[in-house]
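Me: I'm new to this one and would like to go through it step by step. Could you show it to me first?

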Amino acid sequence: MTVVTNYAMGIDIGGTTVKSVAVTPAGDILERRNSTTAHESVASLVDEVRGIVAACEAARGPAATVGISSPGLAARDGRSIAWMMGRMEAVMGLDWTVRLGRRETVPVLNDAHAALLGEVWCGAAAGARDAVLLTLGTGVGGAILCDGRLLQGQLGRAGHLGHLS
């Protein structure tokens, strides 16, 4: 086992894949994993995510933090996806802190919001205070950073470009 004392894990639960990455505080990638999503139940989704975390921690030691991203509107408390009707209802209401048995809170973000924050941290928009991101994948999404703050709005819908008509 190669113990890395300070790393974070990010897990993206998508419509067709579950992707994970382990990174250092500087953004150096330690590990990436992708798997095809074919979840017939909430239990199978939770088991897959637990397995991803367990495999990474078995190889590297405990992660300092684990975060989850997924399509849909994140709950106000940032612990689950509050709304994703019609496509990925299995993610709705899953409190990942409880499901993964973590002591520290597992933050949950909309996938496009998480992607934009990653780009601002150490990607194409590194250091930007204002940025817009449009995601085109299984679905359409987006996020807006304005004056260094992620726009979420009163209902949590601000910046969700894929939900605009």
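Me: Which residue in S2 does Ala 8 stand opposite?

Reply: Ala 8 stands opposite Val 23 in S2. Before we go on, this is a predicted model, where local features need pLDDT of at least 70, side-chain atom pairs count only at pLDDT 80 or more, and totals for chains, interfaces and linings use all residues. Residues are numbered from 1 along each chain as its sequence is written, and side-chain values use heavy atoms, with hydrogens and water left out.

Me: What makes S1 and S2 a pair?

Reply: Two strands pair if DSSP finds at least two bridges between them. Strand S1 (residues 8-13) and strand S2 (residues 17-23) have six bridges, in the antiparallel sense, so they pass. As for the names, strands (E, at least two residues) and helices (H or I, at least four) are DSSP runs, numbered from the N terminus.

Me: Why do S3 and S7 count as edges?

Reply: The open sheet has five strands in the order S3-S2-S1-S4-S7, with mixed pairing. Strand S3 (29-36) and strand S7 (108-110) each have a single partner strand, so one side of each has no neighbour in the sheet.

Me: How do you know that the length of H3 agrees with what it should span?

Reply: The expected span of a helix is 1.5 Å times one less than its number of residues. For the 12 residues of H3 that gives 16 Å, and its end C-alpha atoms are 17 Å apart, which agrees.

Me: What puts the buried residues of H3 on the same side?

Reply: Buried means under 20% relative accessible area, exposed over 50%, and partly exposed in between (1.4 Å probe, protein chains only). In H3 the buried residues are Ala 112, His 113, Leu 116 and Val 120. They cover an arc (taken from the directions from the helix axis to the C-beta atoms) of only 105 degrees, so they sit on the same side of H3.

Me: Why is Cys 56 called buried?

Reply: Its relative accessibility is 1%, and the cut-off is under 20%, so Cys 56 counts as buried. Cys 122, at 44%, counts as partly exposed.

Me: How do you know that Cys 122 has no bond to Cys 56?

Reply: A disulfide is a pair of cysteine sulfur atoms within 2.5 Å. The sulfur of Cys 122 is 17 Å from the closest cysteine sulfur, in Cys 56, so that is too far for a bond. A search of the whole structure finds zero disulfides.

Me: Where does Asp 147 lie?

Reply: Asp 147 is in the loop between S9 and S10. Asp 147 has a positive phi of about 55 degrees, although it is not a glycine.
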